[in-house]
Amino acid sequence: MIRREDVYKIGRLGKPHGVKGEISFNFDDDIFDREDADYIILDIDGILVPFFIEEYRFKNDETALMILEGIDSQEKAANLTGLDVYFPRELADRDEENVSWAQIIGFALHDINTDKVLGTIQAVDDSTINILFEIVTPDGKDALIPANEALIKGIDVKQKRIDYDLPDGLMDLD
């Protein structure tokens with residue numbers, strides 16, 4: 001059984017493309033291509049199910065067209081439309097040089113100045129030029145922290161930890 005903590009979301013399936021089962025895949029992370037993955041994982045009614053990739057091709061920088069094993073008709077592909085797509089953390093962990101924003105969801109953010117946990121990353125807001133970590137602090141409050149690469153001092157993928165140089169007073173803002 002695939003456990004939710006062993007995977008992270010990399011995108012969502014879109015509409016069928018053609019009549020032979022090809023489906024569009026809108027991705028936030030191209031790890032499936034960088035790691036030459038054999039499969040992706042779909043969330044079907046709360047159950048994580050692996051699907052082997054027969055082939056794929058990029059349509060643009062955000063969409064790939066995929067053929068998944070056993071999905072050989074437009075109707076079967078349509079049944080997968082809108083499903084969230086996940087990728088195994090263990091395969092992504094092999095590439096510690098190219099850690100993606102999607103991969104760090106659930107990581108603990110540690111202040112290198114105090115060695116205290118600032119919080120757990122719940123999401124990454126990259127909708128503006130200033131990327132933000134959306135975290136939940138140890139006392140349960142929501143906070144936004146700049147995801148500036150100059151402030152990130154280290155990432156330990158195995159320990160799910162990011163070392164961060166917290167600017168003075170930043171957590172005091174309300």
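Is Ile-67 buried or exposed, and what is its relative accessible area? In this predicted model, Ile-67 is buried, with a relative accessible area of 19%. Because buried means under 20% relative accessible area, Ile-67 falls in that class at 19%. The residue belongs to strand β5, which covers residues 63–68. When its neighbours within four places in sequence are set aside, Ile-67 is in contact with Glu-22, Phe-52, Ile-53, Glu-54 and Glu-55. For one of these partners, Glu-54, the C-alpha atom lies 5.5 Å from that of Ile-67, although 13 residues separate the two in sequence.

From this single residue, the view can be widened to the chain. The chain has 174 residues, of which 40% count as buried. Its secondary structure consists of three helices and 12 strands. Taken along the principal axes, the C-alpha atoms fill a box of roughly 60 × 30 × 30 Å. The chain exposes about 10,200 Å², and carbon and sulfur atoms supply 46% of that area. Among contacts with a separation of 6 or more, 53% come from residues 24 or more positions apart.

Strand β5 also has a place in a barrel. Six strands close into this barrel, in the order β1-β2-β5-β4-β3-β6, and their pairing is antiparallel. On average, neighbouring strands of this sheet are turned by 45° against each other, with direction ignored. As general background, strands of a sheet pair through backbone hydrogen bonds, either parallel or antiparallel.

Strand β1, residues 7–16, takes part in two of these pairings, and both can be followed residue by residue. With strand β6, residues 84–88, β1 pairs in the antiparallel sense over five bridges. Along this pairing, Tyr-8 has Phe-87 of β6 as its bridge partner, while Arg-12 is bridged to Asp-84 in β6. With strand β2, residues 23–27, β1 forms an antiparallel pairing over four bridges. Here Pro-16 stands opposite Ile-23 of β2. The hairpin of β1 and β2 has six residues between the strands, and in this hairpin Gly-18 takes a positive phi near 85°.

Aromatic rings offer another way to read the model. The count of aromatic pairs comes to eight. One of them joins Phe-27 and Phe-58 in an edge-to-face arrangement, with 5.7 Å from centre to centre and 75° between the planes. This pair links distant parts of the chain, since Phe-27 lies in strand β2 and Phe-58 in strand β4 (residues 47–58), 31 residues apart. The edge-to-face label applies because planes over 60 degrees apart count as such, and the planes of Phe-27 and Phe-58 stand at 75°. In terms of exposure, Phe-27 is buried at a relative accessible area of 10%, whereas Phe-58 counts as partly exposed at 39%. Both residues belong to one aromatic cluster, formed by Phe-25, Phe-27, Phe-32, Tyr-56 and Phe-58. Elsewhere, a ring is accompanied by a charged residue: Arg-4 lies over the face of Tyr-86, at 5.6 Å from the ring centre.

The loops hold some details of their own. Asp-45, in the loop between β3 (39–44) and β4, has a positive phi of about 50° although it is not a glycine. With a relative accessibility of 77%, Asp-45 counts as exposed. Lys-160 is likewise not a glycine, and has a positive phi of about 55°. Its loop runs between β11 (152–156) and β12 (161–164). Lys-160 is partly exposed, at a relative accessible area of 29%.

The loop between β4 and β5 contains Asn-60. At 39% relative accessibility, Asn-60 counts as partly exposed. Along the chain, Asn-60 and Asn-26 are 34 residues apart, and their C-alpha atoms are separated by 9.7 Å. This loop leads back to strand β5, the strand that holds Ile-67.

Technical notes. Residues numbered from 1 in each chain as written. Predicted model: local features only at pLDDT ≥ 70, side-chain atom pairs only at ≥ 80, totals over all residues. Heavy atoms only, no water. Pairing = 2+ DSSP bridges. Helix = DSSP H or I, 4+ residues; strand = E, 2+ residues; numbered from the N terminus. Phe/Tyr/Trp six-rings, centres within 6.5 Å; stacked < 30°, edge-to-face > 60°. Buried < 20%, exposed > 50% of the residue type's maximum accessible area, 1.4 Å probe, protein only. Lys NZ or Arg CZ within 6 Å of the ring centre and 35° of its normal. Contact = heavy atoms within 4.5 Å. Areas by Shrake-Rupley, 256 points an atom, 1.4 Å probe, with all protein chains shown as cover. Axes fitted to C-alpha atoms, helices over the stretch in contact; angles between N-to-C directions.
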